[in-house]
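This report walks through one protein model, from its overall layout to single residues. Please keep the sequence and the 3D view open while reading.

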Amino acid sequence: MLQVKNVTFGYSKTKVLKAIDFNVKAGEHLAIIGESGSGKSTLLKLIYGEYDLKEGQIFWKDEEILGPKYNLVVGYDFMKYVTQEFDLMPVTSVEENIGKHLSRFYPEEKQRRTDELIKVVELEAFAKTKVKFLSGGQKQRVAIARALAKEPEILLLDEPFSHIDNFQKQGLRRNVFNYLKSKNIACIVATHDRNDVLGFADQMIVLNEAEIIAKDTPQNLYKNPRRPLIASFFGEFNVIEPYGIVYANQIQIVEKSDLKATVITSYFNASFWLIQAQYKSEFLFIEHSKNLQADDEICLRITK
Ligand code: ADP
Ligand code: MG
């Protein structure tokens, strides 16, 4: 189990993280979400031991994670970290990059393991290609495969699919996260993409202004977001008194009701139209099956 105990940190006097406290069990998948600059990457770096903590402690099982002041070489064998920058060896091939840390005394095992991971990240066609010829998304996949090569007990991923195009993202995510589950590898994913979280994360932490403002399952936070910042992660929402936070899909357009609004515009959104409407002095967003015309009068029902 990873234990992050009351961790406080700042690069200068300003605190980037304050009294951060949480645990991650073996094989568990934790998502850290928050706006850009909220400290997600910093938290991963602290867990990896890249900096000395100002206050608090971090443990993996019984071992304390120590910063550079106490540890000559940053990093531990049981933990791998895929940074936002993924530093690879540009003039060597994809398979050499992935197998870099595997023992060359067992060439067959090394090849088997490398092939297995190339499949997980769907780079079969590029195994012999030099990394410098790859796109950003392909490099990102090599970095993920390399981090998995020696089967860590815990993997830290910083916006792991940010460079990968939408055509391939969903399949790749499923491959990687299912692979981690099948090997019981714990993982912490820093992200602002809800698709990295929904369907995969067991727990979710929301960082805001240096603090954890929520920690729960994605389902519970979706059902009871408590703050607009949390709701915004899940989709379009409105704040309507006396209902509170109401997602766009919790408003129906009905024949008759006391809640009347006027259509402003409709946005096509694949499986639905997002209707922007004027309600009293405010704008509302509503998910609807059809395109509506500006100035149409509509009646609304809220079900949440
Ligand atoms: P996130 O990953 O959520 O976008 P970061 O952890 O990268 O956020 O950054 C959190 C805050 O710390 C930001 O205000 C950022 O400018 C600052 N910061 C990040 N890295 C450094 C650094 N090496 N030196 C000084 N400040 C930094
Ligand atoms: Mg970051």
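## Overall layout

The C-alpha centres of domain 1 and domain 2 are 39 Å apart. Domain 1 runs over residues 2–223 of the protein chain, and domain 2 over residues 235–302. The model is a predicted one. Its protein chain contains seven helices and 17 strands. Measured out along the principal axes, a box of roughly 75 × 45 × 30 Å is filled by the C-alpha atoms of the chain. The chain has 304 residues, and 49% of them count as buried.

## Helix H1

Which residues of H1 are buried? They are Lys-40, Ser-41, Thr-42, Leu-43, Leu-44, Lys-45, Leu-46, Ile-47 and Tyr-48. Because nine of the nine residues of H1 are buried, the helix is largely enclosed by the rest of the structure. Just after H1 comes Gly-49, with a positive phi of about 90°.

## The magnesium ion

Two protein atoms act as donors to the magnesium ion (ligand 2): OG of Ser-41 and OE1 of Gln-84, at 2.1 to 2.6 Å from the ion. Ser-41 belongs to helix H1 (residues 40–48), while Gln-84 sits in the loop between strand E6 (79–82) and helix H2 (94–99), so the pair ties together parts that are 43 residues apart in sequence. Are these donors buried or exposed? Ser-41 has a relative accessibility of 17% and therefore counts as buried, the limit being under 20%. Gln-84, at 33%, counts as partly exposed.

## Ligand 1

Ser-41 is also one of the residues around ligand 1. The others listed there are Tyr-11, Val-16, Glu-35, Ser-36, Gly-37, Ser-38, Gly-39, Lys-40, Thr-42 and Tyr-51. By type, this shell divides into three nonpolar, six polar and two charged residues.

Some atom pairs between the protein and ligand 1 are listed below.

| Residue | Atom of the residue | Atom of ligand 1 | Distance |
|---|---|---|---|
| Tyr-11 | polar side-chain atom | nitrogen | 3.4 Å |
| Gly-37 | polar backbone atom | oxygen | 2.7 Å |
| Ser-41 | side-chain N or O atom | oxygen | 2.8 Å |

On its own, ligand 1 has 560 Å² of accessible area, and the protein covers 56% of that.

## Thr-191 and its contacts

Thr-191 is placed in strand E8 (residues 186–191). With a relative accessible area of 1%, Thr-191 is buried. Where do the polar atoms of its side chain find partners? A polar atom of the Thr-191 side chain lies 2.9 Å from the backbone nitrogen of Asp-193. The Thr-191 side chain also makes a polar contact, at 2.7 Å, with the side chain of Asp-196.

## Two residues brought together

His-101 is found in the loop between H2 and helix H3 (107–120). Its relative accessible area is 40%, so His-101 is partly exposed. Along the chain, His-101 and Lys-150 are 49 residues apart, yet their C-alpha atoms are separated by 7.3 Å.

## Backbone details

Several loops hold backbone angles to look at. Lys-61 has a phi near 55°, which is a positive value in a residue other than glycine. This residue is in the loop between strand E4 (55–60) and strand E5 (63–64). Lys-61 has a relative accessible area of 47% and is partly exposed.

Ala-210 is not a glycine either, and its phi is positive, at about 75°. Ala-210 lies in the loop between strand E9 (203–208) and strand E10 (211–216). Is Ala-210 buried or exposed? At 7% relative accessibility, Ala-210 counts as buried.

The peptide bond between Glu-241 and Pro-242 is cis, with an omega of about 5°. Pro-242 is located in the loop between strand E11 (237–240) and strand E12 (244–247).

Methods:
Residues are numbered from 1 along each chain as its sequence is written. Chains are lettered from A and ligands numbered from 1 in the order in which they are written. This is a predicted model: local features need pLDDT of at least 70, side-chain atom pairs count only at pLDDT 80 or more; totals for chains, interfaces and linings use all residues. Side-chain values use heavy atoms; hydrogens and water are left out. Donors are N, O and S atoms within 2.8 Å of the metal (3.2 Å for Na, K and Ca); water is not among the atoms, so sites may look incomplete. Helices (H or I, at least four residues) and strands (E, at least two) are DSSP runs, numbered from the N terminus. Buried means under 20% relative accessible area, exposed over 50%, partly exposed in between (1.4 Å probe, protein chains only). A residue is near a molecule or strand if one of its heavy atoms lies within 4 Å of it. A polar contact is a pair of N or O atoms within 3.5 Å; within protein, one must be able to donate a hydrogen and the other to accept it, and residues adjacent in sequence count only if both atoms are side-chain atoms. Accessible areas come from the Shrake-Rupley method with a 1.4 Å probe; for residues, only the protein chains shown count as cover. Ala, Val, Leu, Ile, Met, Phe, Trp, Tyr, Cys and Pro count as nonpolar, Asp, Glu, Lys and Arg as charged, and the others, Gly among them, as polar. Domain bounds come from an automatic or database domain assignment.
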